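Reader: I have a structure open and don't know where to start. Can you walk me through some of it?

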Amino acid sequence: MPDPAPQPPRKAKDYKSDVKPIWCPGCGHFAVLSAITKALAQLALPPEQIALVSGIGCSSRLPAYTHVYGFHGVHGRALPVATGLKTARPDLTVLVTGGDGDGFSIGGNHFIHACRRNPDLTYIVMDNQVYGMTKGQASPTTAPDWTQSKLTPHGTGLPRFNPAAIALAAGAGFIARGFSGDPTGLAQLLVEAIQYPGLAFVHVLSPCVTFQPEQKAWKQRVHQQTESTTDDPLVAAQRMLQGDPMTTGLIFRTPASVISRPDVADQAATLTQMREQFLSG
């Protein structure tokens, strides 16, 4: 088979649409959008060969702000849509974007089973630990003593959802944590995630300074991991459960079996065999 034709160099602006983002001033998602377009430009992927799927929420506005194929779907259902798309069109590069409420609450079950099935997707979750679009309710990653929501004036009292540890337990082979305040480092993580053959989960700390103004201090708290990436799930689990949750970098990477569409010819033969077996009793 001949080598694919080299792609012309591209710039980040080639992947941005003409729609102006309407996020709040200071929202971390601006930088995530920038990191995504930088990563796509670095890979020089043709825009017509990229699809971006989202659910509902502030972060799920991404399909409108990018110049690639997009699908803005139902709350928490981005991963099933993206899995179906990738299965039907394995030639496409498929990215999925969402927030902590969309991905870890309403879509929590889909998150677990996407990790288990391992479709070839890049799942980017922008975590600001709050439902920002609906005026600031606690999400699965909100601190248990956060009292700024009228719905939980005494805090949730519940332990936080640990996205990286859940992804590891469910079978994800690529788990990284990035920070929107470091768009260049985040772009590099996304490049590696897009190139990974399987589900690449990128957990992005993306402040919501409107409803969680104390997150402005994340710039001082976030730091790059000092350990090298591990392929040992036990080591990764220890880092995810006992390490600093503000540590960024590619935490875990290991090969995993990727779900794919059955070969149509093989499937037809199987159905024929089944029919013959049925008729023969």
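Author: We'll go through one residue, one strand and one database entry in this predicted model.

Reader: OK, Ser-54 first. Which strand is that in?

Author: Ser-54 belongs to strand 1, residues 50-54.

Reader: Buried or exposed?

Author: Buried. The relative accessible area of Ser-54 is 1%, and the cut-off for buried is under 20%.

Reader: What does Ser-54 touch?

Author: Leaving out residues up to four places away in sequence, Ser-54 touches Ser-60, Pro-63, Phe-71, His-72, Gly-73, Ala-78 and Thr-97.

Reader: Switching to strand 5. How many of its residues are buried?

Author: Six of the six residues in strand 5 (residues 174-179) are buried. Phe-174, Ala-176 and Gly-178 point one way, while Ile-175, Arg-177 and Phe-179 point the other way.

Reader: Why the back and forth?

Author: Because side chains in a regular strand alternate between the two faces of the sheet.

Reader: And which way does strand 6 run next to strand 5, parallel or antiparallel?

Author: Parallel, with six bridges joining strand 5 to strand 6 (residues 200-205). Ile-175 has Phe-201 in strand 6 as its bridge partner. Between the two strands the chain passes through helix 7 (residues 183-195), and this β-α-β crossover is right-handed.

Reader: What about strand 8?

Author: Strand 8 (residues 247-253) pairs with strand 5 in the antiparallel sense, over four bridges. Arg-177 is opposite Gly-249 there.

Reader: Last thing: what does UniProt list for residues 56-204?

Author: The unreviewed UniProt entry lists "domain: Thiamine pyrophosphate enzyme TPP-binding" for residues 56-204. In the model, that span is 36% helix and 19% strand, and its end C-alpha atoms lie 17 Å apart.

Technical notes:
Residues are numbered from 1 along each chain as its sequence is written. This is a predicted model: local features need pLDDT of at least 70, side-chain atom pairs count only at pLDDT 80 or more; totals for chains, interfaces and linings use all residues. Side-chain values use heavy atoms; hydrogens and water are left out. Buried means under 20% relative accessible area, exposed over 50%, partly exposed in between (1.4 Å probe, protein chains only). Contact means heavy atoms within 4.5 Å. UniProt positions are given in the numbering used here, feature names are shortened, and annotations may be inferred rather than shown by experiment. Two strands pair if DSSP finds at least two bridges between them. A crossover is right-handed if, with the strands pointing away from the viewer, the path from the first strand over the helix to the second runs clockwise.
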